[in-house]
Amino acid sequence: MSLRHSYTIIAPLYDAFLAAAGTGLRAASLAQLPQQPRQGGLNILISGIGTGLDLPYLPPGHAYAGLDLTAAMLERAKPRIGNLHLNLVRGDSMALPFASASFDYVVLHLILAIVPDARSCLRETARVLKPGGHVLILDKFLKPGETAWLRRALNLLSQHIVTRLDVIFEEVLEGVPELKMETDVPVLAGGWFRSIRLTKDRPDAE
């Protein structure tokens with residue numbers, strides 16, 4: 001089953017499983033966005049917006065693009081838009097339909113461990129990010145060298161239906177050298193879930 005088909009099926013149940021569990025984590029991650037935008041605001045991409053669980057925590061005054069693979073998820077996000085300047089786009093996080101250097105921030109909440117190729121997703125994120133821009137990541141990752149036999153065994157099934165359980169972030173980041181780690185904070189389940197902030201090198205950076 002493809003991710004598009006599986007997430008179309010589970011869209012009605014998505015909020016019931018994730019809304020309460022991730023509320024504080026989402027709010028803390030998105031608090032890193034500028035809360036008082038300069039004139040005109042920033043361009044911010046929410047890649048893998050799902051049903052819009054991030055939307056209540058986004059500061060107004062910015063121009064947002066919310067991308068998801070499935071129409072069912074985007075339909076459920078619409079009622080949460082409120083007064084935000086948000087354009088919903090159906091598309092693939094591994095092949096973003098945006099020009100290079102389009103965004104000041106990209107938000108990747110619970111998407112890198114869902115897509116079949118996390119490195120392609122992060123490369124595309126880097127491509128559409130402006131030099132000096134930032135990536136906010138909230139997801140579950142194995143630590144380098146971590147055995148985690150149970151999670152790896154469960155991944156044989158879960159990766160085809162809902163999410164991957166075997167992604168090692170350091171290996172993903174290694175393939176996208178223009179992105180550098182700023183912060184990496186364990187937030188849940190003994191550090192399985194992490195809040196990560198990256199920045200993109202400027203052309204004049206040494």
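## A walk through the predicted model

Six bridges join strand β2 to strand β3, and the two run parallel. Strands such as these (E, at least two residues) and helices (H or I, at least four residues) are DSSP runs, numbered from the N terminus. Two strands pair if DSSP finds at least two bridges between them. This is a predicted model, in which local features need pLDDT of at least 70 and side-chain atom pairs count only at pLDDT 80 or more, while totals for chains, interfaces and linings use all residues. Residues are numbered from 1 along each chain as its sequence is written, and side-chain values use heavy atoms, with hydrogens and water left out.

β2 covers residues 63-68. Besides β3, strand β1 (residues 43-47) pairs with β2, also in the parallel sense, over five bridges. G66 is a useful place to see both pairings: I46 stands opposite G66, and G66 stands opposite L88 in β3. Helix α2 (residues 71-77) joins β2 and β3 in a β-α-β unit, and this unit is right-handed. Right-handed here means that, with the strands pointing away from the viewer, the path from the first strand over the helix to the second runs clockwise.

How enclosed is β2 by the rest of the structure? Six of its six residues are buried, so β2 is largely enclosed. Buried means under 20% relative accessible area, exposed means over 50%, and partly exposed lies in between (1.4 Å probe, protein chains only). In a regular strand the side chains alternate between the two faces of the sheet. In β2, A63, A65 and L67 on one side are buried, and so are Y64, G66 and D68 on the other, which leaves both faces covered.

L86 lies in the neighbouring strand β3, which spans residues 85-90. L86 counts as buried because its relative accessibility is 13%. Leaving aside neighbours within four places in sequence, L86 is in contact (heavy atoms within 4.5 Å) with Y64, A65 and G66, and also with I49, L55 and I81. The C-alpha atoms of L86 and L45 are 9.4 Å apart, although 41 residues separate the two along the chain.

The next topic is the nonpolar cores. A nonpolar core is a set of buried Ala, Val, Leu, Ile, Met, Phe, Trp, Tyr and Cys residues joined through side-chain atoms within 4.5 Å. In soluble globular proteins, nonpolar side chains tend to be buried together. The largest core here has 30 residues, and L122 and I137 have the most contacts inside it. At least two residues of this core come from each of β2, β4 (103-109), α3 (118-128), β5 (129-140), α5 (169-174) and β7 (193-200). Helix α3 gives the largest share, five residues. A second, separate core has 16 residues, among them L30, L55, Y64 and V107. Beyond four places in sequence, the contacts of I137 include L108, L122, F169, I196 and L198.

Charged side chains make further links. A salt bridge is a side-chain nitrogen of Lys or Arg within 4 Å of a carboxyl oxygen of Asp or Glu, and by this rule the count comes to eight. One of them joins D54 and R26 (2.8 Å, N to O). D54 lies in the loop between β1 and β2 and R26 in helix α1 (residues 3-30), so the pair ties together parts that are 28 residues apart in sequence. D54 is buried, with a relative accessible area of 2%, and R26 is buried too, at 6%.

Two other salt bridges link strands β6 and β7. E182 and R197 meet at 2.8 Å, N to O; E182 lies in β6 (residues 179-188) and R197 in β7, so this pair ties together parts 15 residues apart in sequence. E182 is partly exposed at 38%, whereas R197 counts as buried at 15%. R194 and D184 meet at 2.7 Å, N to O, with R194 in β7 and D184 in β6, 10 residues apart in sequence. R194 counts as buried at 4% and D184 as partly exposed at 34%. Salt bridges that share partners join E170, D184 and R194 into one network.

Last comes confidence. pLDDT is the predictor's confidence in each residue, from 0 to 100. The protein chain averages 84, and 77% of the residues score at least 70. Over residues 5-11 the pLDDT is below 50, and this stretch has 15 contacts in the model beyond near neighbours in sequence. Residues 153-158 also stay under 50, with seven contacts beyond four places in sequence. Where pLDDT is low, the predicted coordinates should not be read in detail.
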